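Here is a quick walk through one protein chain, written for someone who would rather look at the fold than at a file. Have the sequence and the 3D view open side by side as you read.

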Amino acid sequence: MDNSHVALVSMLLRAEGFDPYRCDRNVALGINLNSFAKVLRSAQNDDIITIKAEDTPDTLNLVFESAKQERMSEYDVKLMDIDSEHMGIPDVLPLPHKTLLVIIASPPASASRDLY
């Protein structure tokens, strides 16, 4: 936890959950979960979701495309600057306390609404 008492959540997006999947390297992204959930709420149940970030990202780009490609929406979520070295994030796993949250990818909009 940092000085402003912001909680740190680690989320792993596995390749098996995406088709196609491409990740050139691991990158830590500081995402405001409220903003992220608001954007996810705009997705329809059958949308194809593309998540993109540059090598040194300032924003996370999300593209929602209808299955029949009739509609496309694009959003940029501003990323927070996180300094993982000063947050005391241990380099070794497992952590002494652990919580597993499973979010079902279909439907994404209702899954994110259930978090609030």
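## Helix, sheet and surface

Start with α1, which lies across β2 and β3 and runs at about 15 degrees to β2. Keep in mind that this is a predicted model.

Now for the overall layout. The chain has two helices and three strands, and read from the N terminus the elements go α-β-β-β-α. The three strands make an open sheet in the order β1-β2-β3, with antiparallel pairing. β1 and β3 (72-78) are the edge strands, each pairing on one side only. From one strand to the next, the twist averages 15 degrees. Zoom in on the antiparallel pair β1 and β2 and you'll find five bridges joining them. I49 is a handy residue to click on here, as its bridge partner in β2 is F64.

How much of the chain is buried? Of the 116 residues, 20% are. The exposed surface of the chain comes to about 9,700 Å², and carbon and sulfur atoms supply 52% of that. As for how the chain folds back on itself, take the contacts between residues at least 6 apart in sequence: 43% of them join residues at least 24 apart.

The segment before α1 (33-41) is worth a look, and P20 sits in it. The peptide bond between D19 and P20 is cis, with omega at about 0 degrees. M11 also belongs to the segment before α1. Together with L13, F18, Y21 and I51, M11 forms a nonpolar patch on the surface, and the five residues have about 430 Å² of accessible area together. M11 itself counts as exposed because its relative accessibility is 51%, just past the cut-off of 50%.

Next, hop over to the loop between β1 (48-52) and β2 (59-65), where you'll find T56. Is T56 buried or exposed? At a relative accessible area of 69%, T56 is exposed. Its C-alpha atom is 9.6 Å from that of L29, although the two residues are 27 apart along the chain.

On to the charged pairs. A search of the whole structure turns up two salt bridges, listed here with the distance between the closest N and O atoms.

| Salt bridge | Closest N and O atoms |
|---|---|
| R22 with D24 | 2.7 Å |
| R71 with D47 | 2.7 Å |

What about the surroundings of each pair? In the R22 pair, R22 is exposed, with a relative accessible area of 70%, and D24 is exposed too, at 59% relative accessibility.

Which parts of the chain does the R71 and D47 pair tie together? R71 is in the loop between β2 and β3, while D47 is in the loop between α1 and β1, so this salt bridge links parts that are 24 residues apart in sequence. R71 is partly exposed, with a relative accessible area of 30%. D47, on the other hand, counts as buried because its relative accessibility is 10%, and the cut-off for buried is under 20%.

Notes. Residues numbered from 1 in each chain as written. Predicted model: local features only at pLDDT ≥ 70, side-chain atom pairs only at ≥ 80, totals over all residues. Heavy atoms only, no water. Helix = DSSP H or I, 4+ residues; strand = E, 2+ residues; numbered from the N terminus. Buried < 20%, exposed > 50% of the residue type's maximum accessible area, 1.4 Å probe, protein only. Contact = heavy atoms within 4.5 Å. Areas by Shrake-Rupley, 256 points an atom, 1.4 Å probe, with all protein chains shown as cover. Patch = residues over 30% accessible without salt bridge, like charges linked within 9 Å, V, L, I, M, F, W, Y side chains within 5 Å. Salt bridge = Lys/Arg side-chain N within 4 Å of Asp/Glu carboxyl O. Pairing = 2+ DSSP bridges. Axes fitted to C-alpha atoms, helices over the stretch in contact; angles between N-to-C directions.
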